[in-house]
Amino acid sequence: MAPKPVLTSADLSPGDVQWFGTRLSEPTPAGCRLWLGARDSRGNGALRIRGYWIRARTLTWIIANGTKPSTGTRGKRLTAKCGNPLCCTIEHLHVISQHDLSIEVAARARASKVHNNGTTA
C-alpha cells in the first residue's frame, strides 16, 4: 500500500493562504490568533483544504515551514504553548513529545489553579 500523500506548502495557492488568514481572529491580549471555523471533537480548529482534513494549527505550521511537523518527528505532537486548542500563532506552536506535553499541561493546570483561587492544592 502506497503511503498517504502529505499536504505541503507547494500544494497551497496564494488564495488558500489568504482565505486561511481571513478565518483567524485579531490577536488576543495573549497574542493568540484563534481559528474561527469548525472544530473537531476535541475542540481543535479543523478544516478541509485541497481534499485534506487538517487541524488549523497544522496548516499554520505548513504555511510557515513548508511541511507537516510529523515528518521525521514520530511520537511527537504539534501543540500551542499557550494551551489554546484554537491558537494559530506560529510563535506559540511547538513540536513536543507526549510525555513533555503531559508535564506542560499539568503545569498549566497548576498555574491556573493558583491564578483562580490564589492558593495551591
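**Pocket, helix and cysteines**

Biologist: What classes of residue line the second largest pocket?
Modeller: The lining of the second largest pocket has 5 nonpolar, 4 polar and 5 charged residues, where Asp, Glu, Lys and Arg are the charged class, Ala, Val, Leu, Ile, Met, Phe, Trp, Tyr, Cys and Pro the nonpolar one, and the others, Gly among them, polar. This is a predicted model, in which local features need pLDDT of at least 70 and side-chain atom pairs pLDDT 80 or more, while totals for chains, interfaces and linings use all residues. Residues are numbered from 1 along each chain as its sequence is written, and side-chain values use heavy atoms, without hydrogens or water.

Biologist: And how much space lies in that second largest pocket?
Modeller: About 180 Å³ (the space filled by probe spheres set on the grid points, which are joined across faces, edges and corners) lies in it. Of its 14 lining residues (an atom within 4 Å of a point of an open set on a 1 Å grid, where a 1.4 Å probe fits, with protein on both sides within 12 Å along at least five of seven lines), those closest to the centre are Asn-44, Arg-57, Arg-77, Thr-79 and Pro-85.

Biologist: Which element gives the most to that lining?
Modeller: Strand β3 does, with 4 residues; β3 (76–80) and α3 (98–117) are the elements that give two or more (DSSP runs, H or I of at least four residues for helices, E of at least two for strands).

Biologist: Switching to His-94, is that buried or exposed?
Modeller: His-94, placed in strand β4 (residues 93–97), counts as buried because its relative accessibility is 16%, the cut-off being under 20% with a 1.4 Å probe and protein chains only. Leaving out residues up to four places away in sequence, His-94 touches (heavy atoms within 4.5 Å) Trp-61, Arg-77, Leu-78, Thr-79, Ala-80, Lys-81 and Glu-104.

Biologist: Trp-61 is one of the buried residues of α2, so which others are there?
Modeller: Besides Trp-61, they are Ala-56, Arg-57, Thr-58, Leu-59, Thr-60 and Ile-62, so that 7 of the 10 residues of α2 (56–65) are buried. These buried residues pack against α1 (14–22), β1, β2, β3 and β4, and just after the helix Gly-66 takes a positive phi of about 95°.

Biologist: How many disulfides does a search find?
Modeller: A search of the whole structure finds 0 (cysteine sulfur atoms within 2.5 Å). For Cys-32, the nearest cysteine sulfur is that of Cys-82, 3.6 Å away.

Biologist: Why no bond for Cys-87?
Modeller: Because its closest cysteine sulfur, in Cys-82, is 3.7 Å away, which is too far for a bond. Cys-87 is buried at a relative accessible area of 0%, and Cys-32 is buried at 4%.

Technical notes: Buried means under 20% relative accessible area, exposed over 50%, partly exposed in between (1.4 Å probe, protein chains only).
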